[in-house]
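User: I would like to see how the labels attached to this model follow from its values. Please set each value against its cut-off.

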Amino acid sequence: MSPAGVLAYLGVFVATVVEGEVVFVAATVLVHQGRLDATGVFAAAALGGSVGDQLYFYALRGRLHRWLDRFPTWARRRDLIVGRVRDHASAMILACRFLPGLRVAIPAACAYADVAPLRFTTLSLLSSLAWAAAVMSFIVWLGPTSFAQLGVRAWWTPLVPAAIVLVFTWWLSRREREKERVPA
């Protein structure tokens, strides 16, 4: 593999660590066009997504209690918050990759609730694998195959599901930001 090829997969990895759905979606379109390898893009995106979630989790682990306990409202509600997160931690971790607006909040909540590191890491990796598989399957195979069944076999067929994924991701993250702005 050429250095440029390695950089493409490294770019997908770094982008998904930081929250790069756009780069991942673009890479999946290039997979459909035969310009990138599906396994390389899948591995880079899945590992990058999981690493990104784990960075927040491990960076905030142990530190969040001291900082949040300075706020009386949080200190009073700590047991309720921790109990709820612990009750639903597995579902929250598994959903994290599919909820772009909560990408930082879920690992932070799990760190605050002292979710076991092995549990978080394992479920985060499983979630990232499922997320990468779902996005790639939709864009690379399902979308173009659906168009082909309708008799449309054009170069742009993977762009339609790619646009749907990007608009949906943008919409989800926008809804979460709007909820954060609403005064309580």
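The exchange below goes through labels for rings, burial, polar contacts and helix packing.

User: What kind of model is this, and which helices and strands does the protein chain have?

Analyst: The model is predicted. The protein chain has eight helices and zero strands, and along the sequence the pattern reads α-α-α-α-α-α-α-α. Of its 184 residues, 38% count as buried. Among contacts with a separation of 6 or more, 76% join residues 24 or more positions apart.

User: Why is the pair of Phe 24 and Trp 131 called tilted?

Analyst: The structure holds three aromatic pairs. In the one formed by Phe 24 and Trp 131, the ring centres are 4.9 Å apart and the planes stand at 45°. Rings pair if their centres lie within 6.5 Å, and planes under 30 degrees apart count as stacked, over 60 as edge-to-face and the rest as tilted. The angle of 45° falls in the remaining range, so the pair is tilted.

User: What makes this a link between distant parts of the chain?

Analyst: Phe 24 belongs to helix α2 (residues 21-32) and Trp 131 to helix α7 (residues 117-149), with their positions 107 residues apart. Phe 24 and Trp 131 are both buried. Trp 131 also has Arg 97 over its face, at 4.5 Å from the ring centre.

User: Why is the pair of Phe 57 and Tyr 58 called edge-to-face?

Analyst: The centre-to-centre distance is 4.9 Å and the angle between the planes is 85°. An angle over 60 degrees counts as edge-to-face, so the value of 85° earns that label. Phe 57 and Tyr 58 also form one aromatic cluster with Phe 120.

User: Are Phe 57 and Tyr 58 buried or exposed, and how do you know that?

Analyst: Phe 57 has a relative accessible area of 0%, and buried means under 20%, so Phe 57 is buried. Tyr 58 is at 35% relative accessibility. Exposed means over 50%, with partly exposed in between, so Tyr 58 counts as partly exposed.

User: What makes Ser 128 buried, and which backbone nitrogen does its side chain have as a polar partner?

Analyst: Ser 128, in helix α7, has 0% relative accessibility. The cut-off is under 20%, so Ser 128 is buried. A polar atom of its side chain lies 3.0 Å from the backbone nitrogen of Ser 50, where the distance limit for a polar contact is 3.5 Å. Beyond residues up to four places away in sequence, Ser 128 touches Ala 46, Gly 49, Ser 50 and Arg 97.

User: Why is Arg 103 called buried, and which backbone oxygens does its side chain reach?

Analyst: Arg 103 lies in the loop between α5 (72-96) and α6. Its relative accessible area is 2%, and under 20% means buried, so Arg 103 is buried. A polar atom of its side chain lies 3.0 Å from the backbone oxygen of Thr 16, and the side chain of Arg 103 reaches the backbone oxygen of Val 17 at 3.2 Å. Polar contacts require a distance within 3.5 Å. Leaving out residues up to four places away in sequence, the residues that Arg 103 touches include Glu 19, Gly 52, Asp 53, Tyr 56 and Arg 97.

User: How is the packing of helix α3 and helix α6 described?

Analyst: Two packed helices are described by the angle between their axes and the distance between the axes. For helix α3 (residues 38-60) and helix α6 (residues 105-112), the angle is about 35° and the axes are 8 Å apart. The crossing of α3 past α6 is right-handed. The contact is made by Asp 53, Tyr 56, Phe 57 and Leu 60 of α3 with Pro 107, Ala 108, Cys 110 and Ala 111 of α6.

User: Why is α6 called largely enclosed?

Analyst: Seven of the eight residues of α6 are buried, so the rest of the structure largely encloses α6. The buried residues are Ile 106, Pro 107, Ala 108, Ala 109, Cys 110, Ala 111 and Tyr 112. Just after α6, Asp 114 takes a positive phi of about 55°.

User: What makes Ala 89 buried, and how far is Ala 89 from Cys 110?

Analyst: Ala 89, in helix α5, has a relative accessible area of 0%. That value is under 20%, so Ala 89 is buried. Ala 89 and Cys 110 are 21 residues apart in sequence and 6.8 Å apart in space, C-alpha to C-alpha. Apart from neighbours within four places in sequence, Ala 89 is in contact with Val 115 and Arg 119.

Methods. Residues are numbered from 1 along each chain as its sequence is written. This is a predicted model: local features need pLDDT of at least 70, side-chain atom pairs count only at pLDDT 80 or more; totals for chains, interfaces and linings use all residues. Side-chain values use heavy atoms; hydrogens and water are left out. Rings of Phe, Tyr and Trp (its six-membered ring) pair if their centres lie within 6.5 Å; planes under 30 degrees apart count as stacked, over 60 as edge-to-face and the rest as tilted. Helices (H or I, at least four residues) and strands (E, at least two) are DSSP runs, numbered from the N terminus. Buried means under 20% relative accessible area, exposed over 50%, partly exposed in between (1.4 Å probe, protein chains only). A charge sits over a ring if NZ of Lys or CZ of Arg is within 6 Å of the ring centre and within 35 degrees of the ring normal. A polar contact is a pair of N or O atoms within 3.5 Å; within protein, one must be able to donate a hydrogen and the other to accept it, and residues adjacent in sequence count only if both atoms are side-chain atoms. Contact means heavy atoms within 4.5 Å. Axes are lines fitted to C-alpha atoms, for helices over the stretch in contact, and angles run from 0 to 180 degrees between N-to-C directions. A crossing is left-handed if the near helix is turned anticlockwise from the far one by less than a right angle, and right-handed if clockwise.
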